[in-house]
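Have your viewer open and your selection tool ready. We will walk through one protein chain together, stop by stop.

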Amino acid sequence: MSNDQSRGDPGAMIEVRFFASIREQLGCAQLQLPLPRDGACVADVLQAVEAQTGVHLAGRHLLAAVNMAHVAMTAPVSDGDEVAFFPPVTGG
């Protein structure tokens with residue numbers, strides 16, 4: 001086993017979905033990306049999305065979910081997870 005855990009398993013993939021204005025800004029509803037690294041969190045996934053699309057999202061107020069459960073940006077992400085990003089919803 002390697003001591004270098006900065007890179008994830010090369011076969012580890014995650015599904016990333018985008019909703020509402022984020023989907024419109026990116027021009028796609030979903031991406032399939034390699035897991036950024038061992039011990040990756042939602043913020044790492046957001047950075048990978050930015051690198052893949054060239055669109056800066058980190059400064060926006062975003063909500064996130066992993067496997068349909070709302071989570072913080074520090075929540076862990078594993079191989080096979082579905083990560084979703086969406087804007088806050090307001091209503092009246």
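The tour starts with the whole chain, moves on to the sheet and a hairpin, and ends in a helix.

**Stop 1: the whole chain**

Before you select anything, keep in mind that this is a predicted model. Colour the chain by secondary structure and you should find two helices and five strands. Following the sequence from its start, the elements come in the pattern β-α-β-α-β-β-β.

Now switch on the surface. The accessible surface of the protein chain is about 5,600 Å², and carbon and sulfur atoms account for 52% of that. How many of the residues are buried? Of the 92 residues in the chain, 36% count as buried. If you like contact maps, here is one more value: among contacts between residues at least 6 apart in sequence, 53% join residues at least 24 apart.

**Stop 2: the sheet**

Hide the helices for a moment and select the strands. In which order do the five strands lie in the sheet? They form an open sheet in the order β2-β1-β5-β3-β4, with mixed pairing. Look next at the edges, where you will find β2 (30–34) and β4 (69–71). Each of these has a single partner strand, so one side of each is left without a neighbour in the sheet. Turn the view to look across the strands, and you can follow a twist that averages 30° from one strand to the next.

As a reminder for this stop, strands of a sheet pair through backbone hydrogen bonds, either parallel or antiparallel.

**Stop 3: strand β3 and its two partners**

Select residues 63–66, which make up strand β3. On one side, three bridges join β3 to β4, and the two run antiparallel. Pick out Ala-64 and you will see it opposite Val-71 in β4. Then click on Ala-65, whose bridge partner in β4 is His-70.

Now add residues 82–86, strand β5. Four bridges join β3 to β5, again in an antiparallel arrangement. One pair to show here is Val-66 with its bridge partner in β5, Val-83.

**Stop 4: the turn of the hairpin**

Stay with β3 and β4, which form a hairpin with two residues between them. Select Asn-67 and Met-68 in the loop between these strands. What is unusual about the phi of Asn-67? Its value is positive, about 55°, although Asn-67 is not a glycine. Met-68 also has a positive phi, near 70°, and is likewise a residue other than glycine.

Is Met-68 buried or exposed? Met-68 counts as exposed because its relative accessibility is 75%, and the cut-off for exposed is over 50%. Asn-67, with a relative accessible area of 44%, is partly exposed.

**Stop 5: two acidic side chains in helix α2**

Bring the helices back and select residues 42–53, helix α2. Two residues here are worth a click: Asp-44 and Glu-50.

Why does Asp-44 count as buried? Its relative accessibility is 14%, and buried means under 20%. Leaving aside residues up to four places away in sequence, Asp-44 touches Pro-36, Arg-37 and Gly-39. Show those three as sticks to see what surrounds it.

Glu-50 is buried too, with a relative accessible area of 15%. With the same sequence neighbours set aside, Glu-50 touches Val-55, His-56, Leu-57 and Ala-58. Select these four together with Glu-50 for the last view of the tour.

Conventions
Residues are numbered from 1 along each chain as its sequence is written. This is a predicted model: local features need pLDDT of at least 70, side-chain atom pairs count only at pLDDT 80 or more; totals for chains, interfaces and linings use all residues. Side-chain values use heavy atoms; hydrogens and water are left out. Buried means under 20% relative accessible area, exposed over 50%, partly exposed in between (1.4 Å probe, protein chains only). Contact means heavy atoms within 4.5 Å. Accessible areas come from the Shrake-Rupley method with a 1.4 Å probe; for residues, only the protein chains shown count as cover. Two strands pair if DSSP finds at least two bridges between them. Axes are lines fitted to C-alpha atoms, for helices over the stretch in contact, and angles run from 0 to 180 degrees between N-to-C directions.
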